[in-house]
Amino acid sequence: MPEHVSRWPEGHPLPALPQQRQTGSRSESVELTAEERGTFAELVRHFGDRGI
């Protein structure tokens, strides 16, 4: 790490950031129609082809 960059002490929260939750929210899901699943699959293929 370059000398001009200081490290924040590990384990100390940054004062400008809100406190983060220690656990995730409960799992949520929705049922997709066949058309929505197809559209989503097409988006996944499209972005996968772009290397994003």
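Accessible areas here come from the Shrake-Rupley method with a 1.4 Å probe. With that in hand, the accessible surface of the chain in this predicted model comes to about 5,700 Å². Carbon and sulfur atoms account for 55% of that surface. So how many of the residues count as buried? Of the 52 residues in the chain, 0% do, where buried means under 20% relative accessible area.

The secondary structure is quick to list: there is 1 helix, and there are 0 strands. The helix, α1, takes in residues 34-50.

Next up are the charged side chains, where the count comes to 1 salt bridge. The partners are E42 and R45, and their closest N and O atoms sit 2.9 Å apart. Where do these two residues lie along the chain? They are both in α1, 3 residues apart, so about one helical turn separates them. As for exposure, E42 has 45% relative accessibility and so counts as partly exposed. R45 comes in at 46%, which also makes R45 partly exposed, since that class lies between the 20% limit for buried and the 50% limit for exposed.

Finally, there is a nonpolar patch on the surface, made up of V30, L32, F40 and V44. Together these four residues have about 390 Å² of accessible area. One of them, V30, lies in the segment before α1. Is V30 buried or exposed? Its relative accessible area is 67%, so V30 is exposed, given that the cut-off for exposed is over 50%.

Notes:
Residues numbered from 1 in each chain as written. Predicted model: local features only at pLDDT ≥ 70, side-chain atom pairs only at ≥ 80, totals over all residues. Heavy atoms only, no water. Helix = DSSP H or I, 4+ residues; strand = E, 2+ residues; numbered from the N terminus. Buried < 20%, exposed > 50% of the residue type's maximum accessible area, 1.4 Å probe, protein only. Patch = residues over 30% accessible without salt bridge, like charges linked within 9 Å, V, L, I, M, F, W, Y side chains within 5 Å.
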